[in-house]
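The following exercises concern strand pairing, burial and helix geometry. Please work through each task before reading its solution.

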Amino acid sequence: MKINIYQIYQIEKKRVSLGKFHFCELNNLLEDEDFLTKEELLWISKHETNDYFFLYFGKTQLQFRDENLMKFIEFAQNGNYGIIYSDFYQTERNQKSEFRTIDYQFGSIRDDFEFGNLLLVNNKILAEYLQDAFHWKYSSFYDFRLFVSQISKIGRIPEFLYSVEKEDSRKSGEKIFDYVKIKNKLIQKEREEVATLFLERINAKIQPKFEEIEYQHSDFQFTASVIIPVKNREKTIADAVESALSQKTNFNFNVIVVDNHSTDNTTKILKNLAKKEKKLIHIIPKQTDLGIGGCWNLAIDNKNCGMFSVQLDSDDIYLDEKTLQKIVDKFTAEKSAAVVGSYKITDFQLKEIPPGIVNHEEWTESNGMNNALRINGFGAPRAFFTPILRQIRFPNVSYGEDYSVMIRITRNYKLSRIFEPIYIVRRWEGNSDSDLSNEKMNKFNSYKDLLRTNEILARQEQNAGE
(Lines give C-alpha, C1' and ligand atoms only; values in the text may rest on other atoms or scores of the structure.)
Protein backbone atom coordinates (compact mmCIF):
# COMPACT_ATOMS: atom_id res chain seq x y z
CA MET A 1 0.00 0.00 0.00
CA LYS A 2 1.29 3.43 -0.99
CA ILE A 3 0.33 6.39 1.18
CA ASN A 4 0.03 9.57 -0.85
CA ILE A 5 1.61 12.88 0.12
CA TYR A 6 0.02 15.82 -1.69
CA GLN A 7 2.39 18.76 -1.91
CA ILE A 8 0.37 21.97 -1.86
CA TYR A 9 2.93 24.32 -3.39
CA GLN A 10 3.74 23.77 -7.03
CA ILE A 11 7.46 23.50 -7.65
CA GLU A 12 9.51 22.54 -10.66
CA LYS A 13 11.17 19.56 -9.01
CA LYS A 14 9.54 16.30 -10.06
CA ARG A 15 7.91 14.34 -7.29
CA VAL A 16 9.16 10.83 -6.69
CA SER A 17 8.12 7.76 -4.70
CA LEU A 18 9.98 7.16 -1.47
CA GLY A 19 9.50 3.80 0.20
CA LYS A 20 5.88 3.37 1.29
CA PHE A 21 5.06 6.99 0.50
CA HIS A 22 4.38 8.66 -2.82
CA PHE A 23 4.46 12.38 -3.62
CA CYS A 24 1.53 13.53 -5.74
CA GLU A 25 0.78 16.68 -7.67
CA LEU A 26 -2.78 18.00 -7.42
CA ASN A 27 -3.34 17.38 -11.13
CA ASN A 28 -2.10 20.94 -11.80
CA LEU A 29 -5.29 22.33 -10.24
CA LEU A 30 -3.59 24.77 -7.92
CA GLU A 31 -3.73 28.31 -9.28
CA ASP A 32 -2.86 30.07 -6.04
CA GLU A 33 0.01 28.33 -4.30
CA ASP A 34 -1.07 29.50 -0.86
CA PHE A 35 -4.58 28.07 -0.63
CA LEU A 36 -6.38 24.77 -1.04
CA THR A 37 -9.81 25.18 -2.62
CA LYS A 38 -12.85 22.96 -2.41
CA GLU A 39 -12.11 21.77 -5.96
CA GLU A 40 -8.66 20.53 -4.97
CA LEU A 41 -10.04 18.80 -1.88
CA LEU A 42 -12.76 17.20 -4.01
CA TRP A 43 -10.17 15.98 -6.49
CA ILE A 44 -8.06 14.45 -3.73
CA SER A 45 -11.02 12.79 -2.04
CA LYS A 46 -12.31 11.38 -5.32
CA HIS A 47 -8.97 9.93 -6.44
CA GLU A 48 -7.75 8.81 -3.02
CA THR A 49 -8.21 5.07 -2.43
CA ASN A 50 -6.77 4.99 1.08
CA ASP A 51 -8.49 5.95 4.31
CA TYR A 52 -5.77 8.50 5.02
CA PHE A 53 -3.45 10.76 3.06
CA PHE A 54 -0.88 13.47 3.83
CA LEU A 55 -0.93 17.15 2.96
CA TYR A 56 2.50 18.77 2.79
CA PHE A 57 2.47 22.56 3.09
CA GLY A 58 6.07 23.19 2.12
CA LYS A 59 8.14 24.46 -0.80
CA THR A 60 11.29 22.53 0.05
CA GLN A 61 12.14 18.86 0.24
CA LEU A 62 10.42 16.89 2.98
CA GLN A 63 12.79 14.55 4.83
CA PHE A 64 11.49 11.59 6.82
CA ARG A 65 11.87 7.92 7.63
CA ASP A 66 9.07 5.54 6.66
CA GLU A 67 8.66 4.25 10.20
CA ASN A 68 8.11 7.80 11.48
CA LEU A 69 5.32 8.58 9.04
CA MET A 70 3.74 5.21 9.77
CA LYS A 71 3.26 6.48 13.33
CA PHE A 72 0.73 8.94 11.92
CA ILE A 73 -1.25 6.02 10.47
CA GLU A 74 -1.04 3.98 13.66
CA PHE A 75 -2.12 6.98 15.72
CA ALA A 76 -5.09 7.59 13.43
CA GLN A 77 -6.26 4.01 13.58
CA ASN A 78 -6.43 4.14 17.38
CA GLY A 79 -9.00 6.93 17.46
CA ASN A 80 -11.51 8.91 15.47
CA TYR A 81 -9.10 11.57 14.24
CA GLY A 82 -9.83 13.84 11.32
CA ILE A 83 -6.40 15.52 11.30
CA ILE A 84 -3.11 14.50 12.89
CA TYR A 85 0.10 16.54 13.11
CA SER A 86 3.41 16.30 14.99
CA ASP A 87 6.50 18.11 16.17
CA PHE A 88 9.28 18.39 13.59
CA TYR A 89 12.82 19.50 12.87
CA GLN A 90 13.75 22.68 11.03
CA THR A 91 17.04 23.21 9.25
CA GLU A 92 18.57 26.60 8.51
CA ARG A 93 22.08 26.98 7.11
CA ASN A 94 22.68 23.29 7.81
CA GLN A 95 21.75 23.76 11.47
CA LYS A 96 18.95 21.55 12.74
CA SER A 97 16.62 22.75 15.51
CA GLU A 98 13.55 21.34 17.21
CA PHE A 99 10.14 22.85 16.53
CA ARG A 100 7.48 21.86 19.02
CA THR A 101 3.83 22.31 18.20
CA ILE A 102 1.03 22.61 20.79
CA ASP A 103 -2.09 20.55 21.45
CA TYR A 104 -5.20 21.59 19.57
CA GLN A 105 -7.99 22.74 21.90
CA PHE A 106 -11.65 23.28 21.15
CA GLY A 107 -10.95 27.01 21.35
CA SER A 108 -8.04 26.90 18.89
CA ILE A 109 -10.13 28.62 16.24
CA ARG A 110 -7.55 31.27 15.31
CA ASP A 111 -6.62 30.90 11.66
CA ASP A 112 -2.87 31.05 12.33
CA PHE A 113 -2.70 27.87 14.43
CA GLU A 114 0.70 26.26 13.81
CA PHE A 115 0.29 22.64 12.69
CA GLY A 116 3.68 22.41 11.05
CA ASN A 117 4.14 21.43 7.43
CA LEU A 118 2.77 17.88 7.35
CA LEU A 119 -0.75 16.74 8.25
CA LEU A 120 -2.47 13.39 7.98
CA VAL A 121 -6.11 13.71 6.87
CA ASN A 122 -8.96 11.24 7.34
CA ASN A 123 -10.51 10.88 3.88
CA LYS A 124 -13.91 9.71 5.17
CA ILE A 125 -14.28 12.82 7.31
CA LEU A 126 -13.10 14.98 4.41
CA ALA A 127 -15.77 13.40 2.18
CA GLU A 128 -18.41 14.15 4.82
CA TYR A 129 -17.26 17.76 4.98
CA LEU A 130 -17.34 18.15 1.21
CA GLN A 131 -20.99 17.16 0.94
CA ASP A 132 -22.14 20.61 2.06
CA ALA A 133 -18.92 22.65 1.94
CA PHE A 134 -18.99 26.18 0.61
CA HIS A 135 -16.62 27.27 -2.18
CA TRP A 136 -14.29 29.51 -0.21
CA LYS A 137 -11.58 31.30 -2.16
CA TYR A 138 -8.96 31.39 0.59
CA SER A 139 -10.32 29.39 3.49
CA SER A 140 -11.42 25.88 2.53
CA PHE A 141 -8.82 24.13 4.66
CA TYR A 142 -9.51 26.49 7.58
CA ASP A 143 -13.21 25.70 7.26
CA PHE A 144 -12.44 21.96 7.06
CA ARG A 145 -10.37 21.85 10.22
CA LEU A 146 -13.05 23.77 12.14
CA PHE A 147 -15.52 21.16 10.87
CA VAL A 148 -13.18 18.40 12.08
CA SER A 149 -12.94 19.95 15.54
CA GLN A 150 -16.73 19.99 15.72
CA ILE A 151 -17.48 16.39 14.77
CA SER A 152 -14.20 14.55 15.37
CA LYS A 153 -10.74 15.08 16.86
CA ILE A 154 -7.54 16.85 15.86
CA GLY A 155 -4.58 15.01 17.33
CA ARG A 156 -0.94 15.88 17.96
CA ILE A 157 1.96 13.44 18.19
CA PRO A 158 4.59 15.02 20.47
CA GLU A 159 7.51 13.50 18.55
CA PHE A 160 9.84 14.92 15.90
CA LEU A 161 8.71 12.86 12.94
CA TYR A 162 10.05 14.77 9.91
CA SER A 163 12.40 17.56 8.90
CA VAL A 164 11.96 20.60 6.66
CA GLU A 165 13.97 23.64 5.71
CA LYS A 166 12.97 26.82 7.54
CA GLU A 167 11.16 29.08 5.08
CA ASP A 168 10.42 32.14 7.24
CA SER A 169 13.31 33.55 9.26
CA ARG A 170 11.56 36.71 10.45
CA LYS A 171 11.30 37.48 14.14
CA SER A 172 8.05 36.78 15.96
CA GLY A 173 7.51 40.51 16.46
CA GLU A 174 7.42 40.95 12.68
CA LYS A 175 5.17 37.97 11.88
CA ILE A 176 2.37 39.03 14.23
CA PHE A 177 1.42 41.92 11.92
CA ASP A 178 0.94 39.86 8.75
CA TYR A 179 -2.82 40.05 9.10
CA VAL A 180 -2.86 43.86 8.75
CA LYS A 181 -1.19 43.84 5.33
CA ILE A 182 -3.45 45.24 2.61
CA LYS A 183 -3.15 42.09 0.50
CA ASN A 184 -4.51 40.03 3.37
CA LYS A 185 -7.66 42.06 4.05
CA LEU A 186 -9.86 39.97 1.75
CA ILE A 187 -8.50 36.81 3.35
CA GLN A 188 -9.21 38.15 6.83
CA LYS A 189 -12.76 39.10 5.91
CA GLU A 190 -13.49 35.68 4.47
CA ARG A 191 -12.02 33.89 7.47
CA GLU A 192 -14.11 36.02 9.79
CA GLU A 193 -17.15 34.67 7.96
CA VAL A 194 -15.87 31.09 8.26
CA ALA A 195 -15.20 31.46 12.00
CA THR A 196 -18.57 33.14 12.63
CA LEU A 197 -20.45 30.34 10.85
CA PHE A 198 -18.57 27.83 13.00
CA LEU A 199 -19.56 29.68 16.18
CA GLU A 200 -23.13 29.72 14.96
CA ARG A 201 -23.10 25.96 14.34
CA ILE A 202 -21.89 25.27 17.87
CA ASN A 203 -24.29 27.83 19.42
CA ALA A 204 -21.52 30.16 20.58
CA LYS A 205 -22.27 33.13 18.34
CA ILE A 206 -23.09 36.33 20.23
CA GLN A 207 -25.65 38.86 18.99
CA PRO A 208 -24.97 42.59 19.46
CA LYS A 209 -27.44 42.96 22.32
CA PHE A 210 -25.50 44.70 25.04
CA GLU A 211 -26.22 45.52 28.66
CA GLU A 212 -26.71 49.24 29.13
CA ILE A 213 -24.16 51.13 31.21
CA GLU A 214 -24.75 54.15 33.40
CA TYR A 215 -21.58 55.95 34.44
CA GLN A 216 -21.55 56.78 38.15
CA HIS A 217 -19.42 59.84 38.84
CA SER A 218 -20.08 60.12 42.58
CA ASP A 219 -17.98 57.10 43.51
CA PHE A 220 -14.82 58.44 41.88
CA GLN A 221 -12.58 61.35 42.76
CA PHE A 222 -10.99 61.20 39.30
CA THR A 223 -12.62 60.78 35.92
CA ALA A 224 -9.72 58.79 34.47
CA SER A 225 -6.51 57.09 35.49
CA VAL A 226 -3.65 56.20 33.18
CA ILE A 227 -2.30 52.87 34.42
CA ILE A 228 1.29 51.81 33.76
CA PRO A 229 2.62 48.48 35.09
CA VAL A 230 6.41 48.46 34.90
CA LYS A 231 9.45 46.38 35.75
CA ASN A 232 13.00 47.30 34.77
CA ARG A 233 12.31 49.91 32.11
CA GLU A 234 14.79 52.63 33.08
CA LYS A 235 15.27 53.52 29.41
CA THR A 236 11.59 54.19 28.66
CA ILE A 237 9.56 54.76 31.83
CA ALA A 238 10.16 58.52 32.10
CA ASP A 239 8.95 59.04 28.52
CA ALA A 240 5.81 57.02 29.22
CA VAL A 241 4.98 58.84 32.45
CA GLU A 242 5.65 62.28 30.99
CA SER A 243 3.48 61.41 27.99
CA ALA A 244 0.61 60.60 30.36
CA LEU A 245 1.13 63.64 32.58
CA SER A 246 1.18 65.99 29.57
CA GLN A 247 -2.42 65.19 28.59
CA LYS A 248 -4.75 68.18 28.19
CA THR A 249 -8.28 67.40 29.38
CA ASN A 250 -11.46 69.10 30.61
CA PHE A 251 -11.64 66.56 33.50
CA ASN A 252 -9.38 65.58 36.36
CA PHE A 253 -7.11 62.56 35.95
CA ASN A 254 -4.08 60.93 37.49
CA VAL A 255 -1.35 58.46 36.54
CA ILE A 256 -0.95 55.23 38.52
CA VAL A 257 2.35 53.42 38.03
CA VAL A 258 2.68 49.96 39.57
CA ASP A 259 6.42 49.40 39.93
CA ASN A 260 6.76 45.63 40.15
CA HIS A 261 9.99 45.48 42.18
CA SER A 262 12.34 46.86 39.54
CA THR A 263 16.00 46.10 40.09
CA ASP A 264 17.43 48.76 37.77
CA ASN A 265 16.98 52.56 38.05
CA THR A 266 13.25 52.48 37.28
CA THR A 267 12.23 52.91 40.93
CA LYS A 268 14.61 55.83 41.45
CA ILE A 269 13.32 57.56 38.31
CA LEU A 270 9.70 57.15 39.42
CA LYS A 271 10.37 58.42 42.96
CA ASN A 272 11.97 61.57 41.57
CA LEU A 273 9.06 62.14 39.19
CA ALA A 274 6.50 61.59 41.99
CA LYS A 275 8.17 64.28 44.12
CA LYS A 276 7.47 66.84 41.39
CA GLU A 277 4.11 65.61 40.07
CA LYS A 278 1.07 65.37 42.34
CA LYS A 279 -0.86 63.51 39.64
CA LEU A 280 1.62 60.63 39.72
CA ILE A 281 0.87 57.78 42.14
CA HIS A 282 3.84 55.43 42.50
CA ILE A 283 2.91 52.04 43.92
CA ILE A 284 5.35 49.27 44.86
CA PRO A 285 3.34 46.10 45.61
CA LYS A 286 3.78 44.20 48.84
CA GLN A 287 3.33 41.01 46.83
CA THR A 288 6.29 39.63 44.91
CA ASP A 289 4.33 37.24 42.72
CA LEU A 290 2.43 39.66 40.50
CA GLY A 291 2.29 39.48 36.74
CA ILE A 292 1.08 42.36 34.60
CA GLY A 293 -2.52 41.33 35.26
CA GLY A 294 -1.95 41.36 39.02
CA CYS A 295 -0.44 44.84 38.76
CA TRP A 296 -3.53 46.02 36.91
CA ASN A 297 -5.80 44.62 39.64
CA LEU A 298 -3.76 46.46 42.26
CA ALA A 299 -4.14 49.72 40.33
CA ILE A 300 -7.90 49.49 39.72
CA ASP A 301 -8.49 48.59 43.38
CA ASN A 302 -6.63 51.69 44.51
CA LYS A 303 -8.94 54.32 46.08
CA ASN A 304 -7.54 56.94 43.70
CA CYS A 305 -8.33 55.00 40.55
CA GLY A 306 -10.55 56.92 38.16
CA MET A 307 -13.88 55.93 36.67
CA PHE A 308 -12.06 55.04 33.45
CA SER A 309 -8.84 53.01 33.51
CA VAL A 310 -6.62 53.71 30.51
CA GLN A 311 -3.66 51.57 29.45
CA LEU A 312 -0.17 52.82 28.68
CA ASP A 313 2.69 50.33 28.40
CA SER A 314 5.99 51.34 29.93
CA ASP A 315 7.69 51.14 26.50
CA ASP A 316 5.18 53.36 24.73
CA ILE A 317 3.81 56.91 24.62
CA TYR A 318 0.59 58.64 23.60
CA LEU A 319 0.56 60.19 20.15
CA ASP A 320 -0.11 63.69 21.49
CA GLU A 321 -1.66 65.55 24.41
CA LYS A 322 -5.23 64.90 23.17
CA THR A 323 -5.26 61.10 23.48
CA LEU A 324 -6.87 60.84 26.90
CA GLN A 325 -9.58 63.39 26.05
CA LYS A 326 -10.46 61.46 22.87
CA ILE A 327 -10.82 58.22 24.82
CA VAL A 328 -13.09 59.69 27.50
CA ASP A 329 -15.16 61.50 24.85
CA LYS A 330 -15.72 58.15 23.14
CA PHE A 331 -16.88 56.62 26.43
CA THR A 332 -19.29 59.49 27.01
CA ALA A 333 -20.70 59.40 23.50
CA GLU A 334 -21.27 55.66 23.23
CA LYS A 335 -21.76 54.40 26.81
CA SER A 336 -19.33 51.53 26.34
CA ALA A 337 -17.60 49.21 28.79
CA ALA A 338 -14.32 49.52 26.89
CA VAL A 339 -12.68 51.71 24.26
CA VAL A 340 -9.78 50.60 22.08
CA GLY A 341 -7.75 52.98 19.96
CA SER A 342 -5.28 52.59 17.11
CA TYR A 343 -1.52 52.95 17.17
CA LYS A 344 1.50 53.74 15.05
CA ILE A 345 4.63 51.60 15.21
CA THR A 346 7.94 53.45 15.32
CA ASP A 347 11.55 52.84 16.22
CA PHE A 348 13.01 54.35 19.35
CA GLN A 349 13.61 57.66 17.54
CA LEU A 350 9.87 57.78 16.63
CA LYS A 351 10.49 57.07 12.95
CA GLU A 352 7.56 55.08 11.55
CA ILE A 353 8.42 51.48 10.65
CA PRO A 354 6.38 48.71 8.98
CA PRO A 355 3.54 47.98 9.20
CA GLY A 356 2.99 51.59 10.29
CA ILE A 357 -0.55 52.27 11.53
CA VAL A 358 -2.43 49.35 13.09
CA ASN A 359 -6.11 50.15 13.56
CA HIS A 360 -7.80 46.72 13.61
CA GLU A 361 -10.20 47.54 10.81
CA GLU A 362 -11.49 43.97 11.08
CA TRP A 363 -13.58 45.12 14.04
CA THR A 364 -17.26 45.81 13.30
CA GLU A 365 -20.02 46.68 15.73
CA SER A 366 -22.19 43.89 14.35
CA ASN A 367 -19.67 41.05 14.57
CA GLY A 368 -16.52 42.19 16.38
CA MET A 369 -17.48 40.26 19.51
CA ASN A 370 -17.40 37.01 17.49
CA ASN A 371 -14.41 37.76 15.30
CA ALA A 372 -12.48 38.53 18.50
CA LEU A 373 -12.21 34.78 19.10
CA ARG A 374 -10.41 34.30 15.77
CA ILE A 375 -7.76 37.00 16.15
CA ASN A 376 -4.98 37.19 18.73
CA GLY A 377 -5.44 40.73 20.02
CA PHE A 378 -7.60 43.85 20.19
CA GLY A 379 -5.14 46.68 19.69
CA ALA A 380 -4.07 49.61 21.83
CA PRO A 381 -4.54 51.66 23.82
CA ARG A 382 -7.22 49.82 25.78
CA ALA A 383 -9.45 51.64 28.22
CA PHE A 384 -12.10 50.32 30.59
CA PHE A 385 -15.07 51.44 32.67
CA THR A 386 -13.53 50.68 36.05
CA PRO A 387 -16.58 49.25 37.90
CA ILE A 388 -17.00 46.52 35.26
CA LEU A 389 -13.27 45.90 35.21
CA ARG A 390 -13.33 45.42 38.99
CA GLN A 391 -15.95 42.71 38.54
CA ILE A 392 -14.19 40.85 35.73
CA ARG A 393 -10.59 41.39 36.88
CA PHE A 394 -7.37 40.39 35.20
CA PRO A 395 -5.75 36.97 35.48
CA ASN A 396 -2.39 37.27 37.25
CA VAL A 397 -0.26 36.59 34.18
CA SER A 398 2.00 38.69 31.97
CA TYR A 399 0.70 37.68 28.54
CA GLY A 400 -2.90 37.40 27.42
CA GLU A 401 -4.20 39.18 30.52
CA ASP A 402 -5.69 41.95 28.35
CA TYR A 403 -7.15 39.48 25.84
CA SER A 404 -8.83 37.60 28.68
CA VAL A 405 -10.58 40.75 29.90
CA MET A 406 -11.53 41.95 26.43
CA ILE A 407 -13.22 38.76 25.24
CA ARG A 408 -15.11 38.62 28.53
CA ILE A 409 -16.29 42.21 28.16
CA THR A 410 -17.44 41.69 24.58
CA ARG A 411 -19.65 38.80 25.64
CA ASN A 412 -22.09 41.20 27.30
CA TYR A 413 -21.00 44.79 26.79
CA LYS A 414 -20.42 47.26 24.00
CA LEU A 415 -16.85 47.97 22.92
CA SER A 416 -16.06 51.18 21.04
CA ARG A 417 -13.20 51.79 18.63
CA ILE A 418 -11.11 54.80 17.67
CA PHE A 419 -9.73 54.04 14.23
CA GLU A 420 -7.32 56.96 14.05
CA PRO A 421 -3.88 56.54 15.67
CA ILE A 422 -3.70 57.95 19.20
CA TYR A 423 -0.82 55.87 20.54
CA ILE A 424 2.78 55.11 19.61
CA VAL A 425 4.25 51.63 20.02
CA ARG A 426 8.02 51.92 20.09
CA ARG A 427 9.94 48.90 18.82
CA TRP A 428 13.41 48.42 20.25
CA GLU A 429 15.68 45.59 21.35
CA GLY A 430 14.25 45.63 24.86
CA ASN A 431 10.65 44.87 23.86
CA SER A 432 9.45 41.74 25.62
CA ASP A 433 7.74 40.42 22.47
CA SER A 434 10.26 41.49 19.82
CA ASP A 435 11.57 37.97 19.20
CA LEU A 436 9.93 35.20 21.18
CA SER A 437 11.33 31.69 21.25
CA ASN A 438 9.26 28.74 20.05
CA GLU A 439 8.87 27.69 23.68
CA LYS A 440 7.45 31.07 24.72
CA MET A 441 5.19 31.34 21.69
CA ASN A 442 3.79 27.90 22.53
CA LYS A 443 3.21 28.92 26.14
CA PHE A 444 1.41 32.11 25.16
CA ASN A 445 -0.64 30.56 22.35
CA SER A 446 -1.70 27.61 24.52
CA TYR A 447 -2.91 30.03 27.17
CA LYS A 448 -4.89 32.15 24.72
CA ASP A 449 -6.43 29.02 23.20
CA LEU A 450 -7.49 28.00 26.70
CA LEU A 451 -9.08 31.43 27.17
CA ARG A 452 -10.97 30.96 23.90
CA THR A 453 -12.09 27.49 24.91
CA ASN A 454 -13.49 28.73 28.22
CA GLU A 455 -15.13 31.73 26.56
CA ILE A 456 -16.79 29.56 23.91
CA LEU A 457 -18.17 27.29 26.62
CA ALA A 458 -19.46 30.32 28.54
CA ARG A 459 -21.12 31.73 25.43
CA GLN A 460 -22.73 28.38 24.67
CA GLU A 461 -24.11 28.28 28.20
CA GLN A 462 -25.36 31.85 27.94
CA ASN A 463 -27.06 31.18 24.60
CA ALA A 464 -28.64 27.99 25.93
CA GLY A 465 -30.05 29.93 28.87
CA GLU A 466 -31.57 32.52 26.55
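**Exercise 1.** Which residue in S16 does Val340 stand opposite?

*Solution.* The model is a predicted one. Begin with the strands concerned: S14 covers residues 338–346, and S16 covers residues 382–385. These two strands pair in the antiparallel sense over three bridges. Within this pairing, Val340 stands opposite Arg382.

**Exercise 2.** Identify the bridge partners of Lys344 in S17 and its opposite residue in S15.

*Solution.* Consider S17 (residues 415–426) to start with; S14 and S17 run parallel and are joined by eight bridges. In S17, Ile424 is the bridge partner of Lys344. Turn next to S15 (residues 352–358), which pairs with S14 in the antiparallel sense over three bridges. Here Lys344 stands opposite Ile357. S14 and S15 form a hairpin with five residues between them; in the turn, Leu350 has a positive phi of about 70°.

**Exercise 3.** Explain why S14 is described as largely enclosed by the rest of the structure.

*Solution.* A residue counts as buried when its relative accessible area is under 20%. Eight of the nine residues of S14 meet this criterion, so the strand is largely enclosed by the rest of the structure.

**Exercise 4.** Determine whether the span of H4 agrees with its number of residues, and describe how far the helix is covered.

*Solution.* H4 comprises twelve residues, 140–151. At 1.5 Å a residue, the expected span is 16 Å. The end C-alpha atoms are 17 Å apart, which agrees. As to burial, ten of the twelve residues are buried, so that H4 is mostly covered. Among them are Phe141, Phe144 and Phe147, together with Asp143 and Arg145.

Note on methods. Residues are numbered from 1 along each chain as its sequence is written. This is a predicted model: local features need pLDDT of at least 70, side-chain atom pairs count only at pLDDT 80 or more; totals for chains, interfaces and linings use all residues. Side-chain values use heavy atoms; hydrogens and water are left out. Buried means under 20% relative accessible area, exposed over 50%, partly exposed in between (1.4 Å probe, protein chains only). Helices (H or I, at least four residues) and strands (E, at least two) are DSSP runs, numbered from the N terminus. Two strands pair if DSSP finds at least two bridges between them. The expected span of a helix is 1.5 Å times one less than its number of residues.
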